[in-house]
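Here is a short tour of a ligand site and of an aromatic pair. Take a look at the model first, and then read on.

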Amino acid sequence: MSDAAASDIVELVKIKPSAVLCLASGDTPRLTCQMFVQKVKNEKLDISQLTFIGLDEWVNIPPGNEGSCHYFFRNELINPLSIPEKQIHLFDAMSDKLQDECRKMDAVILEKGGIDLMIVGIGMNGHIGFNEPGVSFDNYSHVIDLDETTLSVGQKYFKSKVSLQKGITLGLKHLQESKKVLLLANGKKKAEVIKKTVEENLTHSFPASIMQKHTHGIVMIDEEAASLLTQNK
Ligand code: F6R
């Protein structure tokens with residue numbers, strides 16, 4: 001799964017060197033990032049025109065905190081590939097003007113001609129980015145109160161307990177407008193949410209179900225995450 005996703009990024013960059021790539025952080029895309037880094041190095045791929053957008057961030061968590069999305073992107077992608085700052089767009093979730101951060105991100109995406117490839121994970125409550133259950137499908141970037149599940153599951157990224165409350169995230173309108181979306185999920189624990197994503201109703205209370213509407217939306221999963229799908233039986 002990770003290799004296939006990393007190959008998709010490589011293919012995109014070959015076809016369109018000035019592509020706009022948006023990536024989630026978290027456990028799921030980690031190996032994809034590592035494999036992408038390896039492929040770029042092995043194939044001496046020119047990524048000097050690629051624009052990189054970070055999907056989301058925990059509000060009030062500093063970029064140096066190992067649980068922040070910033071930290072993930074720096075560690076897994078930006079530092080290993082020495083990507084210059086001008087190619088990187090991450091939310092500054094420490095800003096006291098978060099609305100400005102949202103509008104800035106929306107403007108960058110618009111100016112670059114939209115997102116070519118978005119690679120996302122899925123939360124245990126069906127969230128994508130921090131588009132929590134009940135969110136509108138029509139939002140661009142926004143700040144949101146995090147759902148109970150996100151607050152408790154999210155502690156796994158932090159060495160010591162942190163106070164999480166809000167997230168800043170691209171919206172599901174961005175996802176719908178992206179030219180291609182890959183939703184990645186692996187492991188038994190994601191089987192239930194993958195079943196809901198692809199086989200149950202399209203509903204605001206389960207944001208990942210929006211994938212059903214995307215004309216180029218691909219759910220890329222391993223066998224364990226696919227284990228509850230009826231077509232799998
Ligand atoms: C993180 C993000 C989240 C995660 C989701 C799954 O940037 O956008 O929506 O993708 O919570 O997290 P993992 O991959 O850790 O299971």
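## Polar contacts of the ligand

A polar contact is a pair of N or O atoms within 3.5 Å; within protein, one must be able to donate a hydrogen and the other to accept it, and residues adjacent in sequence count only if both atoms are side-chain atoms. A polar side-chain atom of Tyr-157 comes to 2.5 Å from a ligand oxygen atom. For His-127, an N or O atom of the side chain is 2.7 Å from an oxygen atom of the ligand. Asp-27 takes part through its backbone, with an N or O atom 2.9 Å from a ligand oxygen.

This is a predicted model, where local features need pLDDT of at least 70, side-chain atom pairs count only at pLDDT 80 or more, and totals for chains, interfaces and linings use all residues. Residues are numbered from 1 along each chain as its sequence is written, and side-chain values use heavy atoms, with hydrogens and water left out.

## The shell around the ligand

Which residues are the closest to the ligand? They are Thr-28, Asp-56, His-127, Tyr-157 and Lys-190, out of 15 that surround the ligand (a heavy atom within 4 Å). The shell has four nonpolar, seven polar and four charged residues (Ala, Val, Leu, Ile, Met, Phe, Trp, Tyr, Cys and Pro count as nonpolar, Asp, Glu, Lys and Arg as charged, and the others, Gly among them, as polar).

## An aromatic pair

Five aromatic pairs occur in the structure (ring centres of Phe, Tyr and Trp, the latter by its six-membered ring, within 6.5 Å; planes under 30 degrees apart are stacked, over 60 edge-to-face, the rest tilted). Trp-58 and Phe-130 form a tilted pair, because their ring centres are 4.7 Å apart and their planes stand at 55 degrees.
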